[in-house]
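The exercises below are meant to be worked with the sequence and the coordinates open side by side. Each task is followed by a solution that proceeds step by step.

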Amino acid sequence: MVSVERGPDEPGASGDPSEPIARVLPMLSVPHLDREFDYLVTPEQAEDARPGARVRVRFHGRLVDAFVWERRADTDHVGRLGRLERVVSAEPVLTGEVRRLVEAVAARYAGSRADVLRLAIPPRHARVEREVTTPPDAPVIAPVDPAGWQRYGAGGSFLTALGEGRAARAVWQVLPGDSWTDRFVDAAAQTIRAGRTALAIVPDQRDVDALHGAATARIGESAVVALSAGLGPATRYRRWLSVLRGGARLVIGTRSAVFAPLADLGLVMVWDDGDDSLAEPRAPYPHARDVAMLRAHLAGCAALIGGFGRTAEAHALVGSGWAHDVVAPRTVVRAAAPRVVALDDTGYAEERDAAARSARLPTVALQSARSALAAGAPVLVQVPRRGYVPSLACGRCRTIARCRHCTGPLSLPERGGAALCRWCGRVDPALRCARCGSDAVRAVVIGARRTAEELGRAFPGTPVITSAGDTIVDHIADGAALVIATPGAEPRAPHGYGAALLLDSWALLGRQDLRAAEDTLRRWMGAAALVRDHASGGLVTVVAESSIPTVQALIRWDPIGHADAELTTRSEVGLPPAVHMAALDGDPESVTTLLEQARLPDGADLLGPVPLPPGVRRPPGVPDERDVIRMLVRVGRDHGLPLASALRHGVAVLSARGSNHPVRVQIDPLHIG
């Protein structure tokens, strides 16, 4: 340590003479410089350059943004220290809790703290920061009725634990027909009544709006803040500052809101953790569920993961003992669930259906839709893809039609229109198969708009509503109607749907993806949960073979059994979450160098290299003319942090050598290949 002593005219001799050193973290994009640097604080800056403040420093001859990590009385640096150029803002936007979370996320995902900070703290808006705000009074919340949670067995005990401020952790299996927003608000209200704050993370803006509406009706608008990427810069920063300054008791937001600077956090909630939207597409590619659970662990607070389906990751938390099951008894589940039937090549056991083998809508499925419509109830039709015909193939040899410029899949955006590439947007007016030369095409997948067109002809006079893509419908009026929706875009009906048809199951189950079965069941259950219960005539028809385990799980309404089987299978073959796995994407030379420099844990398995999987974007910074490979590194559950640390070291060495072709490192990616 080097003590800093100054004369009366030197910087730092007044103002705060006991801590004249600011240890700052520059916001640099080079991994090997992910460390703090010491700078002198002038007397004029002493009061404003507090920990968490934004500053500007001169680094290698240029000005860069930085955050004050801490103030110190001494320094490890030998030599002359530079001064802080200026304090950009005295607002301590980086709180101690968020700083610890940033460090933990960077360590968990083999990333740099600067990259995590870009996700955690929104850009500054000077005018908004100068606005004077007065924190609202603490909300007065009525006692929480425990009846909704008591249906779930241990749910009543979980609610009691929140009221007592205990760090209860639960994975909650939501009953069909129940309002997840009301139960989330119950949990948040109980936490706030105990004098602490709550945080809810949801996949998209639609969920934010639904939960925000339910929360403001119970907790009060002034105490609830909604954060999402869709807000403008000024509005987003204003709301984020209100959280920082203590003006919020409940924060609701999408994935980046998991870093919201709430004080005295008592509960972290995540809804539908299997949704891809919760996976951050920017480095270091963290998943909001894992960050939320990491934050709950660091803060010693309660945690809740809820959904109609269940992911293997959530089930692994229960299996490890970190979280407990909150599940309704089977009798309650059977009473709340609709009847679910599958149509395979033999149709019903009671009634054979000759059209079930070849028709997209078998006869029995059409009959169930007609019965529900005749009773004045709406019918939900779930299709996997939006658009008209989102995928084409050669009519003779069945080769997938691809763009001649970028090899992307070709689609038909509308009836009678020209083929359009879904990747680059180029039009291909004269389709011709590259393999056999035929100009005949066929649809590989039928989209929502084409399905709406077909059903409109099958049910003349019945209103047809499409909810997909940019035209999502939140609610529909009561009465007979056909609703065609993509997964996650299903509107809510006032009294539930009379029937639901789950089409093109092969398009979901047939994907070459680790999570295909899990994701399919989650999407099916999300739609089926909107259907009336069996006693009220609710019927869900899935056009798939009844022998498929995922179909059986839907029929039995057993997401836990399905998740347990998934976790067992992945354990047997060594796939996440039974193990930790890192995907390294880059040119062969850079990937090889990184692995040579990384001190991998003992027992690490190297899998590959293989070409970059189809549909995975190229790593940024790698020229188009260079080949890109993927190498997988697999370690046991106990070696996740050592693996991330080793890869961080390898990336830093690669960066220090001035490599122009960086390697993308993803820990436990959603899609391995």
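**Exercise 1. Backbone outliers in loops**

Locate Asp-504 among the secondary-structure elements of this predicted model, and then determine its phi angle and whether the residue is buried or exposed.

Solution. Step one is to place the residue: Asp-504 sits in the loop that runs between β24 (499-502) and α14 (505-509). Step two is the backbone, where phi of Asp-504 comes out near 50 degrees, a positive value in a residue other than glycine. Step three is accessibility: the relative accessibility of Asp-504 is 8%, and because the cut-off for buried is under 20%, the residue counts as buried.

Repeat the analysis for Ala-110, giving its loop, its phi and its accessibility class.

Solution. Ala-110 belongs to the loop between α1 (96-108) and α2, and its phi, near 55 degrees, is positive although the residue is not glycine. With a relative accessibility of 10%, Ala-110 is classed as buried.

**Exercise 2. Cis peptide bonds**

Which loop holds Pro-284, which loop holds Pro-577, and what are the omega values of the cis bonds that lead into these two residues?

Solution. Begin with Pro-284, which lies in the loop between β12 (265-271) and α9 (288-299); the peptide bond from Ala-283 to Pro-284 is cis, with omega near 5 degrees. Continue with Pro-577, placed in the loop between α17 (559-573) and β26; here the cis bond joins Pro-576 and Pro-577, and omega is about 5 degrees.

**Exercise 3. The surroundings of Asp-34**

Describe the setting of Asp-34 by stating its loop, its accessibility class, its side-chain polar contact and its contacts beyond four places in sequence.

Solution. First, Asp-34 is found in the loop between β2 (21-26) and β3 (37-40). Second, the relative accessible area of Asp-34 is 19%, which means that it is buried, since the class requires a value under 20%. Third, the side chains of Asp-34 and Arg-113 are joined by a polar contact of 3.2 Å. Fourth, when residues up to four places away in sequence are not counted, Asp-34 touches Leu-25, Gly-111, Ser-112, Arg-113, Ala-114 and Arg-648.

**Exercise 4. A partly exposed arginine**

Assign Arg-370 to an element and an accessibility class, and list its contacts outside its neighbours within four places in sequence.

Solution. Arg-370 is part of helix α12 (residues 363-374). Its relative accessibility is 41%, so Arg-370 counts as partly exposed. Leaving aside neighbours within four places in sequence, Arg-370 is in contact with Ala-458 and Phe-459. A further distance can be checked in the model: Arg-370 and Ala-480 are 110 residues apart in sequence, and their C-alpha atoms are 9.9 Å apart in space.

**Exercise 5. The buried side of α18**

Which residues of helix α18 are buried, and against which elements do the buried residues pack?

Solution. In α18 (residues 588-597), the buried residues are Ser-590, Val-591, Thr-593, Leu-594 and Leu-595. An α-helix has 3.6 residues a turn, so residues three or four places apart point the same way. The buried residues of α18 pack against β26 (580-586), β27 (605-611), β28 (629-635), α19 and β29.

**Exercise 6. Cavities and a pocket**

How many cavities of 30 Å³ or more are there, and what lines the largest cavity?

Solution. The count is 4 cavities of 30 Å³ or more. The largest cavity holds about 90 Å³ of space, and its lining includes Leu-119, Pro-122, Arg-236, Trp-240 and Phe-259. Two elements, α2 (113-120) and α8 (233-244), each give two or more residues to this lining, which by class has 9 nonpolar, 2 polar and 1 charged residues.

Characterise the second largest pocket by its volume, the residues closest to its centre and the element that gives most to its lining.

Solution. About 660 Å³ of space lies in the second largest pocket. Of its 25 lining residues, Ser-29, Pro-31, Asp-115, Val-651 and Val-663 are the closest to its centre. Helix α19 gives the most to the lining, with 6 residues, and the lining divides into 15 nonpolar, 6 polar and 4 charged residues.

How values were computed. Residues are numbered from 1 along each chain as its sequence is written. This is a predicted model: local features need pLDDT of at least 70, side-chain atom pairs count only at pLDDT 80 or more; totals for chains, interfaces and linings use all residues. Side-chain values use heavy atoms; hydrogens and water are left out. Helices (H or I, at least four residues) and strands (E, at least two) are DSSP runs, numbered from the N terminus. Buried means under 20% relative accessible area, exposed over 50%, partly exposed in between (1.4 Å probe, protein chains only). A polar contact is a pair of N or O atoms within 3.5 Å; within protein, one must be able to donate a hydrogen and the other to accept it, and residues adjacent in sequence count only if both atoms are side-chain atoms. Contact means heavy atoms within 4.5 Å. On a 1 Å grid over the protein atoms alone, a cavity is a set of points where a 1.4 Å probe fits but cannot get out, and a pocket is an open set with protein on both sides within 12 Å along at least five of seven lines; lining residues have an atom within 4 Å of a point. Grid points are joined across faces, edges and corners, and a volume is the space filled by probe spheres set on the points. Ala, Val, Leu, Ile, Met, Phe, Trp, Tyr, Cys and Pro count as nonpolar, Asp, Glu, Lys and Arg as charged, and the others, Gly among them, as polar.
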